[in-house]
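Let's take a walk through this protein together. Have the sequence and the 3D view open side by side, and turn the model as you read.

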Amino acid sequence: MKSYLIIGLLTVSSSVWAQHEPHHMHADSTKKPMVHHDSTAHGRMHEHTMTHLYSLSLPMNRNGSGTGWQPDATPLYAWMAHRSKWMYMVHGSVFLRYTAQNFTNSGKRGQDNRISAPNWVMGMAQRQVGKNGLFAATLMVSLDPLTEGGNGYPLLFQTGESWNNRPLIDRQHPHDLISGLTVGYTQRLSKQVDVSAYVGYPGEPALGPVAFMHRFSAWNNPDATLSHHWQDATHITYGVATLGVRVGQVKLEGSSFTGREPGENRYNFDRPRFDSYSYRVSWNPSMHWSLQASRAYIHSPESLHPSENVNRTTASVQHLKTLGKTSWLGTTASWGYNDAGDHHQEHSILLESNWQHATWALYGRYEWVQKSAEELVIPGNALYNVHALSLGYNHQVAQVGKLWLVAGVQGTVFLKDQALNNLYGSTPVSGQVYVRLTPTRLKM
């Protein structure tokens, strides 16, 4: 019932947004383009239009999560409007699904099934200040604590964070009600140079690739990545301050932030600590590519292991290929490495693609993650290799105003070390069927 309530609220919100939109506002740029993005000139923008959140000289298509970049060719699925000097955008995703994990191994660990509704909505606002200043603010909300409960949804071999002071294993933790609340200011020194400041409570430090739910390559997959806590788990951090400088298509950033992951109370604001740091270099060599490398010292991320600190290193490549007027292929390759000393040095690799057509999508994800005995709560100090291959397909079944409804199916096959057979069985398989609500594509 909670899931149906969410869908109903989102539908009503879409209708209200459309009905209350003043005639001088242009939520759909099809009618009167607000953004003059020259697709033949990488990163070249006209003034007095919606731009990237943290640069007057970059296209808004480069927006990722936090201050991270995506390729400029990335299509946007969002609602947009403007009033006077303010520009607004809203996007998000609500899944309603039935998921069954490890259904091929009756009685084994991680076997679970349930109706689930992972969801999030994000709003953004920006305003030009003078000739060269840009103010931006964001708010991201998730009703995961209500729809998924405190222990989240079942996801085989997923680890990270806790519930009732016990580690979450084979489950994805829910995201916080307020998953992002940030402000930023950017000063343009020239068309080639910006300096920017970003503060979030919560927010995302300059670390890792664009968070999975904001990546075009992962856009249709309802599940979090198994490498989440190796690559992009800091996308919700209670207390972040980032300084950055962009020169041409390269950006250097440094962040001070709170290392501790969000607590079990998903409705409150955790105490900011600013006891960790990160730095990242991002490079968009053309409108189709986006690369980043980053490193961080994360102080005491897990509340159940408060004396354990993590040095995290990541590198990623995103590519967006336009296959036609209404067809795109987005791909991300990403590596993350956690070094917590002693027996805790673990790698993760991810490769995912999304072929998005006007009315359907075909997508897939491969991951290799090294899970420690401690992560899986198994005696000993061994590292276990886990491979997961997911394939999915969805198709548009309805459109209500600017809201898109798709129905899809997805399956995942897991391969792991034989030493885990006693616990998980051989070759676990998981699957799900779902419907999804999301804004329609923003035409430019």
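The paragraphs below go from the whole chain to its strands, its salt bridges, and a few backbone details.

Please keep in mind that this is a predicted model. The mean pLDDT of the chain is 90, and 89% of its residues reach 70 or more. Residues 1-48 call for caution, since the pLDDT there is below 50. In the model, this stretch still has 91 contacts beyond near neighbours in sequence.

Now for the overall build. The secondary structure comes to five helices and 20 strands. Of the 444 residues in the chain, 56% count as buried. If you take the contacts between residues at least 6 apart in sequence, 63% of them join residues at least 24 apart. The accessible surface is about 17700 Å², and carbon and sulfur atoms account for 61% of that area.

A good place to start looking is the pair of strands S6 and S7. Strand S6 covers residues 153-163 and runs antiparallel to S7, with five bridges joining the two. At one position along the pair, Tyr153 stands opposite Gln172 of S7. The two strands form a hairpin with two residues between them, and Asn164 in the turn has a positive phi of about 55°. Strand S7, residues 166-172, is mostly covered, with five of its seven residues buried.

Stay with S6 for a moment and find Glu161, which is found in this strand. Its phi is near 70°, a positive value in a residue other than glycine. Is Glu161 buried or exposed? Its relative accessible area is 6%, so Glu161 is buried. Compare that with Ser84, another non-glycine residue with a positive phi, here about 50°. Ser84 sits in the loop between strand S1 (79-83) and S2. Because its relative accessibility is 66%, Ser84 counts as exposed.

Next come the charged pairs. Side chains of opposite charge can pair when their charged atoms come close. A search of the whole structure finds 12 salt bridges. One of them takes us back to S7: the side chains of Arg109 and Asp170 meet at 3.6 Å, N to O. This pair links distant parts of the chain, with Arg109 in the loop between strand S2 (86-101) and strand S3 (112-116), and Asp170 in strand S7, 61 residues apart. Asp170 has a relative accessible area of 7%, so this residue is buried.

A second pair is Arg246 with Asp194, whose side chains meet in a salt bridge at 2.6 Å, N to O. Here Arg246 belongs to strand S10 (residues 240-247) and Asp194 to strand S9, and the two are 52 residues apart. Both Arg246 and Asp194 are buried.

The third pair joins Arg215 to Glu352, with 2.7 Å between the closest N and O atoms. Arg215 lies in the loop between S9 and H3, while Glu352 is in strand S16 (residues 345-357), 137 residues apart from Arg215. Why does Arg215 count as buried? Its relative accessibility is 1%, and buried means under 20%. Glu352 counts as buried too, at 1% relative accessibility. The pair is also part of something wider: Arg215, Asp232, Glu352 and Arg365 are linked in a network of salt bridges.

From here, move to Pro202, which lies in the loop between strand S9 (193-200) and helix H3 (228-231). A cis peptide bond joins Tyr201 and Pro202, with omega at about 5°. With a relative accessible area of 0%, Pro202 is buried. What is Pro202 in contact with, leaving aside its neighbours within four places in sequence? The list includes Ile178, Ser179, Gly180, Leu181 and Thr182, along with Ile236, Thr237, Tyr238 and Phe269. Leu181 is 21 residues apart from Pro202 in sequence, and their C-alpha atoms are 5.5 Å apart in space.

To finish, turn to the outside. A nonpolar surface patch of about 730 Å² is made by Tyr98, Ile115, Leu323, Trp355, Leu362, Tyr393, Val409 and Val433. Tyr393 has its place in strand S18 (residues 383-400). With a relative accessible area of 35%, Tyr393 is partly exposed.

Terms used
Residues are numbered from 1 along each chain as its sequence is written. This is a predicted model: local features need pLDDT of at least 70, side-chain atom pairs count only at pLDDT 80 or more; totals for chains, interfaces and linings use all residues. Side-chain values use heavy atoms; hydrogens and water are left out. Buried means under 20% relative accessible area, exposed over 50%, partly exposed in between (1.4 Å probe, protein chains only). Helices (H or I, at least four residues) and strands (E, at least two) are DSSP runs, numbered from the N terminus. Two strands pair if DSSP finds at least two bridges between them. Contact means heavy atoms within 4.5 Å. Patches are made of residues with over 30% relative accessible area and no salt bridge: like charges are joined within 9 Å, nonpolar side chains (Val, Leu, Ile, Met, Phe, Trp, Tyr) within 5 Å. Accessible areas come from the Shrake-Rupley method with a 1.4 Å probe; for residues, only the protein chains shown count as cover. A salt bridge is a side-chain nitrogen of Lys or Arg within 4 Å of a carboxyl oxygen of Asp or Glu. pLDDT is the predictor's confidence in each residue, from 0 to 100.
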